[in-house]
Amino acid sequence: MSETTYTFRARPHLWLIRLIGVIVPRRLRADWRQEWEAELRHREQLLADWDRLDWRNKLDLLWRSTSSFWDALWLQPKRLEDDMYQDLRYGVRMLRKHPGFTAIAILTLALGVGANTAIFSAVNALMLRPLPYPDPERLVWIEEASQSNAGSPAWGGHFLDWQEHSQTLAGIAQTEGGTRTLSAAGEAERVEVETISAGLLPMLGVQLATGRNFAESEDKPGGQRVAILSHALWQRQYNGDQEIVGKTIILNDAIFTVIGVLPQDFRFFSQFDVCVPLALDPQQELAGQNRSYQSTVARLKPGVSRDQARTELDMLLQRYEMSRPEGSSRLLDSQTRLVPLHEHLLGETRRPLLVLLGAVGLILLMACANVANLLLARAVTRKKELAIRAALGASRLRLARQMLTECMLLAIAGGAAGLLIASWLTGLLNSLNSTATIGQMARVAAITIDSSVLGFTFLISLLTGLLFGLMPALHFSRPELNVSLKEGGHGSGFQVRHFRNALMVSQVALALVLLVGAGLLIRSFVKLLEVDPGFRAENVLTARLQLPPRYSEKSRRVEFYERTKWVGPGTVAHFADLRVTK
């Protein structure tokens, strides 16, 4: 014994053979190890005793022992005859033997896994996945707040001052949405138009599919009227014309020159077809003649915190207000508020998503309880089979592994079917993808099944298989041979009935929680619809009109109002605000 211990302690190449032998199929392991150990000992005798070998010959022996690794790899197909593959083949046969049970179990698991995968795909897209812009953690949303205003878009004058004097921002831009009439070769079309600062697209790291970005001179009053088309409008209205740059389009009777086309994968938090320069007038903003408010996005410089940027912007805001002419309204109590762009776009969507994820998690637990009940009922009929296998020498671990293998096969099949259901549900979520249902993140994030979602599906499938299969496997892997063989596979015993009753109680409890939660949500929704707005809303329609530049004179706007005030029998139109687009 001491000689053997000394041999393995003093000869590392023999220990290497033992280590590599772990991956050799068990039934071939002993012969394989003896063969390689004998071959290496033979080489030792040819060379000399180990202790008298120099380091080159010792390295040669170690190198020879590593070649056994390739020999072990060649033996891997033999694993098909090992216990694991036997369990898999037997499990597949048992599931095919009972197609009704298998179909019900897989469908039950598929519904639970599919719902969880679909909701997780939404959580992953909206909450976990970063925004599709370079260094998204440095992007912030800027608002202004005061004692009388909890939060509003930043004033254009403040934006222009920040753009010129800020030392903590790498870039800042404003944007405002609207609609205009696009006159093309065919019929006129109402399109979404976004007026943006010249620095917005470069700040977001956007590379145009063709053409160039707005120049600084074009983002000023009196600058050339230019436009950038979205990829969708370029394809839909102009059939992907490669010569579109330099051509003109007409928006609300104004001629714009197309200078570029956005890339197909560009996603923005405001959906638009055309973008044009914002072109704020610094003198009018400072004098208060044209107080405009637009959404403001900024990018922090590397290493700058939001608190540092907020402190600087507040200081610049106060200095700007004090520099305004006497007699003008000064906003001395205004303060800036910087919010991470991802957090702002997500808005109030985080909590409903997490609640929904918890609800579908309960559905998965109910599915596991259902399948566990089915497995218990099926295992009772297999007591005699398990007792016979135990009597023939099968260990408890062997029986438990066989039952767990069948459970994992069910879980994997249910996960695959659940992935198909999730793909359909994901398409449904995308069809409902709007600011009213998911918030502004809906326009930026695409709800898709990516590698993270696939990994989540695989993980919950394995956990589900362990959850509903572990207890039946542990219980029935130690059968009472005398009782089981005498009963002939009939009867369930007190412990099994007790476990099944516990599963039924938990299932009813989870179902009750879901029903109560669903009832409360429906009741809240109904109450929301019944809220009294304080006025008669029957037969009332609202619309926002943006008049073209030819209505810039007040007399023409009044004439338009008088002509459209009566639009039909019993119908009267009232205009609270008529906006004139540039």
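I will talk about confidence in this model and then about two helix pairs.

Let me begin by saying that the model we are looking at is predicted, with a mean pLDDT of 77 for the chain and 68% of its residues at 70 or more. Among the elements of the chain, strand 6, residues 226-229, has the highest mean pLDDT, at 95, whereas helix 1, residues 2-10, has the lowest, at 43. Over residues 1-10 the pLDDT is below 50, and this stretch has 11 contacts in the model beyond near neighbours in sequence. Where pLDDT is low, the predicted coordinates should not be read in detail.

Turning to the first pair, helix 7, residues 99-128, and helix 14, residues 350-381, have axes that come within 9 Å and cross at roughly 165 degrees. Since angles over 145 degrees count as roughly antiparallel, helix 7 is therefore roughly antiparallel to helix 14. The crossing of these two, helix 7 and helix 14, is left-handed, and their contact comprises 23 nonpolar, 5 polar and 2 charged residues.

The second pair is helix 8, residues 156-165, with helix 12, residues 306-322, whose axes come within 10 Å and cross at roughly 120 degrees. Helix 8 and helix 12 are therefore oblique to each other, and their crossing is right-handed. On the helix 8 side the contact is made by G157, H158, D161, W162 and H165, while helix 12 contributes E312, L313, L316, L317, R319, Y320 and E321. By class, the residues of this contact between helix 8 and helix 12 divide into 5 nonpolar, 3 polar and 4 charged.

Notes: Residues are numbered from 1 along each chain as its sequence is written. This is a predicted model: local features need pLDDT of at least 70, side-chain atom pairs count only at pLDDT 80 or more; totals for chains, interfaces and linings use all residues. Side-chain values use heavy atoms; hydrogens and water are left out. Axes are lines fitted to C-alpha atoms, for helices over the stretch in contact, and angles run from 0 to 180 degrees between N-to-C directions. Helices (H or I, at least four residues) and strands (E, at least two) are DSSP runs, numbered from the N terminus. Angles under 35 degrees count as roughly parallel, over 145 as roughly antiparallel, 65 to 115 as roughly perpendicular and the rest as oblique. A crossing is left-handed if the near helix is turned anticlockwise from the far one by less than a right angle, and right-handed if clockwise. Contact means heavy atoms within 4.5 Å. Ala, Val, Leu, Ile, Met, Phe, Trp, Tyr, Cys and Pro count as nonpolar, Asp, Glu, Lys and Arg as charged, and the others, Gly among them, as polar. pLDDT is the predictor's confidence in each residue, from 0 to 100.
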